[in-house]
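Work through the exercises below with the sequence and the 3D view side by side. Try each task before reading its solution.

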Amino acid sequence: MDEALKENLMGALENVIDPELGIDIVNLGLVYDAELNDEGLCTVTMTLTAMGCPLSAHIERDVKFALSDIPEVKETEVNIVWNPPWSKEKMSRYAKIALGIPD
């Protein structure tokens, strides 16, 4: 997968807003990777801020919807992982500022 397509995937994922925090999942540091195979299957490896998050199905649905506009993506699989665990250090500077977390 070329770098431009990878940027396109990540850019689309920036449209997925965590409903509890109001910040997108990329800037929150929840997305670990997005890969697209030759058959058009996009696998998004990500985590959530807390295990047992009640909004995980909502976020997964939004991820699939956000990537559906990219012509190369035929299907999306969301792989929720807990290792490495998420921490506020994974957040972008933008997200920390928006949430009032010191850098």
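The exercises go from the whole chain to the sheet, then to single residues.

The model is predicted, so local features need pLDDT of at least 70 and side-chain atom pairs count only at pLDDT 80 or more, while totals for chains, interfaces and linings use all residues. Residues are numbered from 1 along each chain as its sequence is written, and side-chain values use heavy atoms, with hydrogens and water left out.

**Exercise 1. The chain as a whole**

Task: State how many helices and strands the chain has, and in which pattern they follow one another.

Solution. Step 1: take helices (H or I, at least four residues) and strands (E, at least two) as DSSP runs, numbered from the N terminus. Step 2: count them, which gives 3 helices and 3 strands. Step 3: read along the sequence to obtain α-β-β-α-β-α.

Task: Compare the radius of gyration of the chain with that of a compact globule.

Solution. Step 1: the radius is taken over C-alpha atoms, and the globule rule is 2.2 Å times the number of residues to the power 0.38. Step 2: for 103 residues the rule gives a value near 13 Å; the chain has 13 Å, so the two agree. Step 3: for the extent, the C-alpha trace spans about 40 × 30 × 20 Å along its principal axes.

**Exercise 2. The sheet and its helices**

Task: Give the strand order of the sheet and find its edges.

Solution. Step 1: two strands pair if DSSP finds at least two bridges between them. Step 2: the 3 strands form an open sheet in the order 1-2-3, with mixed pairing. Step 3: strand 1 (31–36) and strand 3 (75–80) each pair on one side only, which makes them the edge strands.

Task: Describe how strand 2 is joined to strand 3.

Solution. Step 1: strand 2 (residues 41–46) runs parallel to strand 3, and 6 bridges join them. Step 2: locate L41 opposite E75, and T45 opposite N79. Step 3: helix 2 (residues 56–67) packs on the sheet and touches strand 2 and strand 3, where contact means heavy atoms within 4.5 Å.

**Exercise 3. Two buried residues**

Task: Decide whether V26 and K96 are buried or exposed.

Solution. Step 1: buried means under 20% relative accessible area, exposed over 50%, and partly exposed in between (1.4 Å probe, protein chains only). Step 2: V26, in the loop between helix 1 and strand 1, has a relative accessible area of 19% and is therefore buried. Step 3: K96, in helix 3, has 11% relative accessibility, so K96 is also counted as buried. Step 4: list the contacts, leaving aside residues up to four places away in sequence. V26 is in contact with M10, L13, E14 and V31. K96 touches K88, E89, M91, I101, P102 and D103. Step 5: for the chain, 35% of the 103 residues count as buried.

**Exercise 4. A peptide bond**

Task: Is the peptide bond from N83 to P84 cis or trans?

Solution. Step 1: recall that most peptide bonds are trans. Step 2: check omega, which is near 5 degrees for this bond, and the bond is cis. Step 3: place P84 in the loop between strand 3 and helix 3 (93–99).

Methods:
Axes fitted to C-alpha atoms, helices over the stretch in contact; angles between N-to-C directions.
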